[in-house]
Amino acid sequence: MNLAKPVIIFCHGSGDTGEGVQAWIQSLMPMSVYNQWDWIFPTATPIPYQLAGGQTMNVWFDRVRGFDPSFPEQTASIERSTDRLLNMLALETKQRGGPSRVAIGGFSMGGNIAYQTAARWHATQPESLGAVFGMSCYLNHDSKVWTLLESSQPKEEDPQHTGGSPWPPTFTAHGAIDDFILPQWGEETQQRLVQMGVPATFQRIPYVQHAMDATEIAQLMEFLDQTMNPELEAEEERLGQEL
């Protein structure tokens, strides 16, 4: 761990582990890029997962009935994970001199829990995180995230009060041929985030199913560099001009 570096908290998908997604991420980028950052890969606390017949799995929250975003969110199970991740954000913020040095995101269910955690952070904390990202993920139509975002919007009687801090730039991407978590679900989530004031972008990654690939990770790291490492970006631009 190098506290002088910005840190990325990366949350894995359902049934995976922190170690598993770390190995996956490392396989998709040069180590020279990976080593510019500190990384934290937490593992979800195992809980009974209804979509697996009640089998205990490493999942960030429970689901019922299926994956369609119209199904009800299991918010109580989400809170246990967001409480843990919020404590992690608070610790990293303290160690690194502010939340602007901390990003949170993830893949699939890990992207969802990153959105959930970011919403709770920005609804209550006076300073914004450095960045948020989600890949191959979405939010349910009745997600608590929408309520939290609505409550943090400026009020007509007090337009200066937002109840927390604004969301930072947010990167979202989805495999264009994902037939498990549909890309239109991810895009609908991004569009709704934008409608509620979140500066979020969306990329469809050609020929990719429910997975991450090197192109997507390269886009993510470029986004994080531009958002959280302006000094590094300026130096790279200067060196490019000298060549």
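Which residue in strand 6 is the bridge partner of Ile 104? In this predicted model, the partner of Ile 104 is Val 132. This pair belongs to the contact between strand 5 and strand 6 (residues 131–135), two strands that run parallel and are joined by 5 bridges. Between strand 5 and strand 6 the chain passes through helix 4 (residues 109–124), and the resulting β-α-β crossover is right-handed.

Strand 5 also pairs with strand 1 (residues 7–11), again in the parallel sense and over 5 bridges. Within this pairing, Gly 106 of strand 5 is the bridge partner of Cys 11. Strand 5 itself, spanning residues 102–107, is mostly covered, with 6 of its 6 residues buried. The covering extends to both faces of the strand: Val 102, Ile 104 and Gly 106 are buried on one side, and Ala 103, Gly 105 and Phe 107 are buried on the other.

Helix 4, the connecting element of the crossover, packs against helix 3 (residues 75–96) at an angle of about 65°, the axes lying 9 Å apart. Because angles of 65 to 115 degrees count as roughly perpendicular, helix 3 is described as roughly perpendicular to helix 4. The crossing of helix 3 past helix 4 is right-handed. On the helix 3 side, the residues in contact are Thr 75, Ile 78, Glu 79, Ser 81, Thr 82, Leu 85, Leu 86, Leu 89, Ala 90 and Thr 93. These meet Ile 113, Gln 116, Thr 117, Arg 120 and Trp 121 of helix 4.

Technical notes. Residues numbered from 1 in each chain as written. Predicted model: local features only at pLDDT ≥ 70, side-chain atom pairs only at ≥ 80, totals over all residues. Heavy atoms only, no water. Buried < 20%, exposed > 50% of the residue type's maximum accessible area, 1.4 Å probe, protein only. Helix = DSSP H or I, 4+ residues; strand = E, 2+ residues; numbered from the N terminus. Pairing = 2+ DSSP bridges. Right-handed = clockwise from strand over helix to strand, strands pointing away. Axes fitted to C-alpha atoms, helices over the stretch in contact; angles between N-to-C directions. Parallel < 35°, antiparallel > 145°, perpendicular 65-115°, else oblique. Left-handed = near helix turned anticlockwise from the far one by under 90°. Contact = heavy atoms within 4.5 Å.
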